[in-house]
Amino acid sequence: MARLPRLSIVGCPQHIIQLGNNRQACFFAEQDYTVYLDKLKDSAAKHNVSIHAFVLMTNHVHLLMTAPSIDGISQVMQNLGRYYVRYVNQTYQRTGTLWEGRFKSTLVDTESYLLTLYRYIELNPVRARMVEHPAAYPWSSYQGNAGDRNITLLTPHPVYLALGNTKVERKSAYQSLFLSHLSDNTIQAIRDATNKAWALGDESFIEQVANTLSRRAKPLPQSGDRKQHYRDTGMLTIEDNILE
């Protein structure tokens with residue numbers, strides 16, 4: 001089956017996941033994390049892309065980004081990925097690929113899911129049982145969004161800024177978001193949307209994305225005539241013709 005085109009709308013935040021090849025490590029020493037973040041900052045600045053949240057895990061990366069152009073995020077990831085692979089291969093005298101194919105992404109509804117994505121990303125080390133609290137993990141945006149660390153890579157999203165009138169108020173309100181756990185259903189919805197290139201949000205947001213991009217932005221109905229569903233919604237695509 002043909003691969004669906006990547007979802008991308010100017011000004012709409014995207015959740016990005018980049019996996020190490022075969023889930024193998026892509027960071028081996030403290031210096032590696034620093035090199036990656038420095039290059040991410042340079043690449044984002046070059047393409048005018050805003051980074052709102054991030055976490056660098058041992059074998060994968062999560063990023064929450066917004067771009068002013070359709071291909072801005074792809075340009076950042078391509079530039080960053082190629083540079084970092086060269087760095088790792090030269091530093092550790094290795095050859096071959098480091099990443100598992102192309103990065104995964106989803107568009108994020110700012111009204112219903114953006115701050116949830118902030119939390120999902122920064123809670124990764126907690127879910128992995130690497131730390132008990134996100135503040136204890138050094139390679140995420142939590143200490144910048146909630147703590148006193150100045151992470152110049154970060155650009156606060158307007159939804160984050162709306163948490164308070166001052167920096168102290170915003171950080172306090174943001175910290176309060178972490179007093180409750182993300183539900184299993186929410187975690188699974190985020191994973192499914194990102195891994196399968198669906199939009200992440202309420203029905204009106206998903207419909208808006210589908211209409212804007214002229215492609216479906218959520219899974220097909222579980223029952224009924226799939227072809228008829230496409231015809232009814234006016235989104236019969238090249239991929240759909242393969243089903244005939």
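This report describes the fold content, nonpolar cores, largest pocket and selected loop residues of one predicted chain.

The model is predicted, so local features need pLDDT of at least 70 and side-chain atom pairs count only at pLDDT 80 or more, whereas totals for chains, interfaces and linings use all residues. Residues are numbered from 1 along each chain as its sequence is written, and side-chain values use heavy atoms, with hydrogens and water left out.

**Overall composition**

The chain contains 11 helices and 4 strands; helices (H or I, at least four residues) and strands (E, at least two) are DSSP runs numbered from the N terminus. Of its 244 residues, 48% are buried. Buried means under 20% relative accessible area, exposed means over 50%, and partly exposed lies in between (1.4 Å probe, protein chains only). The chain exposes about 12600 Å², and carbon and sulfur atoms supply 48% of that area; accessible areas come from the Shrake-Rupley method with a 1.4 Å probe. Among contacts (heavy atoms within 4.5 Å) between residues at least 6 apart in sequence, 70% join residues at least 24 apart.

**Nonpolar cores**

In soluble globular proteins, nonpolar side chains tend to be buried together. A nonpolar core is here a set of buried Ala, Val, Leu, Ile, Met, Phe, Trp, Tyr and Cys residues joined through side-chain atoms within 4.5 Å. The largest such core has 58 residues, and Y36, L40, L63 and Y84 have the most contacts inside it. At least two residues of this core come from each of α1 (30–46), β2 (50–56), β3 (60–66), α2 (72–91), α3 and α8. Helix α2 gives the most to this core, with 8 residues. Another core, of 9 residues, lies apart from it and includes L7, L107, I206 and V209.

Leaving aside residues up to four places away in sequence, L63 touches Q14, H15, I16, Y36, L40, A53, F54, M77 and I121. One of these partners, I121, is among the buried residues of α3. In helix α3 (residues 114–122), 9 of 9 residues are buried.

**Three loop residues**

The table sets out three loop positions and their relative accessibility.

| Residue | Loop | Relative accessibility |
|---|---|---|
| L182 | between α7 (167–177) and α8 (184–196) | 13%, buried |
| R23 | between β1 (14–19) and α1 | 54%, exposed |
| A197 | between α8 and α9 (203–213) | 16%, buried |

Not counting residues up to four places away in sequence, L182 touches T116, R119, Y120, L123, R127 and I187. Among these, T116, R119 and Y120 are buried residues of α3. L182 and R119 are 63 residues apart along the chain, yet their C-alpha atoms are separated by 8.1 Å.

R23 and A197 are of interest for their backbone angles. The phi of R23 is near 60°, a positive value in a residue other than glycine. A197, also not a glycine, has a positive phi of about 65°.

**The largest pocket**

A pocket is an open set of points on a 1 Å grid over the protein atoms alone, with protein on both sides within 12 Å along at least five of seven lines; lining residues have an atom within 4 Å of a point. The largest pocket holds about 280 Å³ of space, a volume being the space filled by probe spheres set on the points. Its lining comprises 15 residues, of which G144, N150, P156, K167 and K171 lie nearest the centre. Helices α5 (142–145), α6 (158–161) and α7 each supply at least two lining residues, and α7 gives the most, with 3 residues.

How values were computed. 1 Å grid on protein atoms, 1.4 Å probe; cavity = no way out; pocket = protein on both sides within 12 Å on 5 of 7 lines; lining within 4 Å.
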